[in-house]
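Student: Please take me through one part of this model closely. I would like to look at the sheet and what packs on it.

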Amino acid sequence: MELVTAQGPILEEILDATFPVWHEGLTRDAYARWNAAQLRTTWGVDHLRRFALLDDRGRWVASAKRYLWPIRLDGVAAVMCGVGAVFTRPEERGQGYGAMIIERLIEQSRREGAAIAGLFSEIGDRFYQRLGFRTVPLDEVDVQVERRNGAPAMLVRSGEQRDLPALASMHATRSADVRFVLRRDPPLIEYALAKKRLLAGLGQGAGSRAQRQTEFFVAEEGASAVAYVLLTVSPSGWTLEEAGDRDPAGARLGAILQVLLAREPSRAAPLIRAWWPPGMPAPPQVRLENRVPARDIFMLRPIADVRIPSRAEEVFYWRSDYF
Ligand SMILES: CC(C)(COP(=O)(O)OP(=O)(O)OC[C@H]1O[C@@H](n2cnc3c(N)ncnc32)[C@H](O)[C@@H]1OP(=O)(O)O)[C@@H](O)C(=O)NCCC(=O)NCCS
């Protein structure tokens with residue numbers, strides 16, 4: 001069995017086969033473009049690749065995406081081998097190919113320096129537990145924002161490329177004391193933003209399932225961003241993908257949310273869901289309610305001499321970095 005980068009006709013076949021599972025409401029053509037564009041981002045070029053497992057006749061039997069996520073674990077910079085979109089050709093299932101492509105990707109990533117492997121499971125935890133992965137709890141909450149009469153007086157504008165270093169620095173400061181965290185530099189944040197914007201843009205006109213918008217706002221002081229939010233807005237509500245505030249109290253982040261809600265004062269407040277990291281204080285204008293385990297199961301496996309986190313408090317991870 002051979003592990004190769006999926007490209008050309010093999011990639012097209014894999015996209016045909018995986019489209020029904022992961023189309024997100026896009027057309028087949030837009031699905032292919034969404035995948036290709038992620039690989040072409042500055043971050044994607046170096047950190048994301050799709051692999052195919054070929055049998056002895058050179059036919060692909062399984063495929064998966066492999067990310068090399070920069071992380072910090074117990075204060076040490078390291079790399080996580082992220083595995084996504086694991087897929088076995090339907091007629092070849094149950095013969096161990098799914099497990100094999102995961103093991104091969106992990107082994108290759110370990111040789112490239114990865115200390116941990118991670119994934120989000122859509123099929124429960126049993127299959128991945130057998131492969132040595134353990135569930136790491138992530139909390140999902142409702143974000144209740146205290147609504148005011150009118151918007152707070154504060155400059156809120158659309159976020160831009162030039163704001164990304166400020167976002168990276170807010171993330172680094174806020175997550176400094178947490179055991180497990182992604183090291184989010186501007187290219188990684190740009191990738192996370194591009195992935196959502198592309199999905200929203202490519203879904204335009206493709207029907208209700210694809211109806212979503214990405215909103216990126218910052219609060220500005222002295223020409224630099226001091227707080228921000230990144231939201232996905234869809235008919236079912238808002239997802240707070242990520243957020244930050246230079247100040248630990250988070251009052252400007254709370255005020256941005258109030259400004260955004262004040263745009264449509266007569267409408268009922270949308271449901272705002274977030275994976276709010278426990279290490280991130282809630283702003284004074286915000287209550288976090290209905291804390292439940294996130295629907296997506298996050299699982300980690302050590303592949304070097306490291307100890308994986310086991311409690312939500314030990315992890316700082318935004319929905320933005322779901323893969
Ligand atoms: C999940 C998948 C990759 C497994 O591929 P495979 O080559 O059959 O994997 P293996 O032969 O190594 O292991 C088979 C085991 O996968 C597990 N599995 C497969 N589909 C599953 C599902 N929907 N829910 C839970 N477990 C599942 C079962 O435990 C199965 O063992 P069993 O045959 O004894 O019941 C394959 O079923 C697939 O492509 N599914 C569609 C895409 C998908 O859901 N991918 C996972 C995203 S997290």
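Tutor: Strand 7 (residues 139-145) and strand 13 (residues 272-274) run antiparallel and are joined by two bridges. Two strands count as paired if DSSP finds at least two bridges between them. Strands are DSSP runs of E with at least two residues; helices are runs of H or I with at least four residues; both are numbered from the N terminus. One bridge partner is easy to find: valine 141 is matched with alanine 274 in strand 13. In general, the strands of a sheet pair through backbone hydrogen bonds, either parallel or antiparallel.

A word on the source. This is a predicted model, where local features need pLDDT of at least 70, side-chain atom pairs count only at pLDDT 80 or more, and totals for chains, interfaces and linings use all residues. Residues are numbered from 1 along each chain as its sequence is written, and side-chain values use heavy atoms, leaving out hydrogens and water.

Now widen the view. The open sheet has seven strands in the order 8-10-11-12-13-7-14, and the pairing is mixed. Strand 8 (156-158) and strand 14 (286-293) stand at the edges. Each has a single partner strand, so one side of each is left without a neighbour in the sheet. From one strand to the next, the twist averages 30 degrees. Axes here are lines fitted to C-alpha atoms, for helices over the stretch in contact, and angles run from 0 to 180 degrees between N-to-C directions.

Next, look at what packs on the sheet. Helix 6 (residues 164-174) touches strand 10 (213-221), strand 11 (224-234) and strand 12 (237-245). Contact means heavy atoms within 4.5 Å. The direction of helix 6 makes about 90 degrees with that of strand 11. Helix 7 (residues 186-202) lies across strand 10, strand 11 and strand 12. Helix 7 runs at about 135 degrees to strand 10.

Trace it once more on the model. Start at strand 8, follow the order 8-10-11-12-13-7-14, and finish at strand 14. On the way, pause at strand 13 and find alanine 274, the bridge partner of valine 141.
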